[in-house]
Amino acid sequence: MTKELTREEYYKALEKAVNEVILSMTGTRKDVAKRLLLGAVVGRNATEIAQEAEMNYETVLNNLDKAAQVNLIEVVKKLVGDHPVLLIIDDTHDHKLYARAMPVSRNGAQIFYCRAHKRFESAIQLLVIGVKDLVNNQIYVIHIIAYIPRKVEEELKRRGEEVKFKTKIDALLEFLSSLSGLNVKSKVFDSWYVNSRTLQGNTVGELKSSARVVESGRSVPVSEFPQGEYLVEYLGTPIKLLVIDDYKGYGRRYFFSTDLNDTAEDIITTWENRWDIEVLIRELKALGLEGGSFLTWVRNSGFVALKALSLLVVQYFKYSTGLMLGAKRLARLIKSIYREAGGIKKLFKRRRKP
């Protein structure tokens, strides 16, 4: 059972959470960074952030450009310490109702069919990387960046526009070089990320049924393997292939690990941990990830980074208080805390009782 905390203890927990996260916002004044973060926790778009933080709208926009340079990994390193972690890779669409995207705009927005809303909508594609602390089972967003597919890059180049974008594979590989200081035990991603460059050590993933592996010098489609475990080679890399005829009612699946010593249980456990990143993505969207729609690529990237930072504030506050609530409910509690203090500007100027 979660113990009841005094209002003063909630204030202190929130102050500590914000102070830890703003360390990554080196290009922004501390007082501005604090207000931006709390505004982003409860405000869905830039207008609401400005209103909640009691800031000029132009000031918010200018600081979004600075937020695009934020390094989330440094914040998370402090949270997980030397605990072993699982690196989880996925992607999502950042739906933007008002983006100019026919078929692609200069801010990188494109048109996609949204199955949930059953219509075509404009959106920016986002690479999302999380780490799961394997000691306490907490998961944090460690990197989130907008990317575009090669065909969009080619279209923008054809128009003569300057292109500084990356595909999700390029963005992923570039990020992997910055993991020094994290105790990464394994990496996991789905079949869309599998290629010869991503098949690195301690990687777990899934192959499509059309994938061909090499066994005893023969190239064989994975669909021809009966259920079981196999030592094969895929794209020049030795892997352990795990074939399951009916995985939880979803039909035949083909999982793999580049660690040949992994058991079937090891592979499945790592794979199922991958779904935790879906929770992260839902929490980001609950805090208004889809609320940004700006004309420039940098500003959209800054808004995404700010929302990721605001989620870290919520998580830090959640774990330090022991409140097992979702991001949306925690955001409401945080809002009530700073409003009781007289507003965000006064929150961190309160006199503490000795």
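**Reading the terms on this model**

Me: Val-152 lies in helix 6. What makes this stretch a helix?

Reply: Helices are DSSP runs of H or I with at least four residues, strands are runs of E with at least two, and both are numbered from the N terminus. Helix 6 spans 150-158, and Val-152 is placed in this helix. The model is predicted, so local features need pLDDT of at least 70 and side-chain atom pairs count only at pLDDT 80 or more, while totals for chains, interfaces and linings use all residues. Residues are numbered from 1 along each chain as its sequence is written, and side-chain values use heavy atoms, with hydrogens and water left out.

Me: Why is Val-152 called buried?

Reply: Buried means under 20% relative accessible area, exposed means over 50%, and partly exposed is in between (1.4 Å probe, protein chains only). Val-152 has a relative accessible area of 7%, so Val-152 is buried. The C-alpha atom of Val-152 is separated by 9.7 Å from that of Thr-167, 15 residues along the chain.

Me: What makes the contact between Lys-335 and Glu-52 a salt bridge?

Reply: The term requires a side-chain nitrogen of Lys or Arg within 4 Å of a carboxyl oxygen of Asp or Glu. The closest N and O atoms of Lys-335 and Glu-52 are 3.3 Å apart, so the pair meets the limit. Lys-335 belongs to helix 11 (residues 327-340) and Glu-52 to helix 3 (residues 46-53), so the bridge ties together parts that are 283 residues apart in sequence. Lys-335 is partly exposed at 25%, whereas Glu-52 is buried at 14%.

Me: How do you know that Glu-52 is part of a network?

Reply: Glu-52 also meets Arg-339 in a salt bridge, at 3.4 Å from N to O. This second pair again links helix 3 with helix 11, across 287 residues. Glu-52, Lys-335 and Arg-339 are thus linked in a network of salt bridges. The structure holds 16 salt bridges.

Me: Where do the partners of the Glu-272 and Lys-248 bridge lie, and why do they get unlike exposure labels?

Reply: The N to O distance for Glu-272 and Lys-248 is 2.7 Å. Glu-272 lies in helix 8 (residues 264-273) and Lys-248 in the loop between strand 10 (237-244) and strand 11 (253-257), so the bridge joins parts 24 residues apart in sequence. Glu-272 has 29% relative accessibility and therefore counts as partly exposed; Lys-248 has 56% and therefore counts as exposed.

Me: Why is one space called a pocket and another a cavity?

Reply: On a 1 Å grid over the protein atoms alone, a cavity is a set of points where a 1.4 Å probe fits but cannot get out; a pocket is an open set with protein on both sides within 12 Å along at least five of seven lines, and lining residues have an atom within 4 Å of a point. A volume is the space filled by probe spheres set on the points, which are joined across faces, edges and corners. The largest pocket holds about 1000 Å³. Its lining has 27 residues, and Asp-91, Thr-92, His-93, Tyr-113 and Arg-115 are the closest to its centre. Strand 1 (84-95), strand 2 (110-114), helix 6 and helix 9 (276-286) each supply at least two lining residues. There is 1 cavity of 30 Å³ or more, with a volume of about 30 Å³.

Me: What makes the lining of the cavity 4 nonpolar, 2 polar and 1 charged?

Reply: Ala, Val, Leu, Ile, Met, Phe, Trp, Tyr, Cys and Pro count as nonpolar, Asp, Glu, Lys and Arg as charged, and the others, Gly among them, as polar. The cavity is lined by Ile-89, Leu-172, Leu-176, Lys-187, Phe-189, Thr-198 and Gln-200. Lys-187 is therefore charged, and Thr-198 and Gln-200 are polar. The largest pocket has 11 nonpolar, 6 polar and 10 charged lining residues.

Me: What makes a set of residues a nonpolar core?

Reply: Its members are buried Ala, Val, Leu, Ile, Met, Phe, Trp, Tyr and Cys residues joined through side-chain atoms within 4.5 Å. The largest core has 119 residues, and those touching the most other members include Leu-14, Ile-144 and Phe-317. Helix 10 (residues 297-321) gives the largest share, 12 residues.
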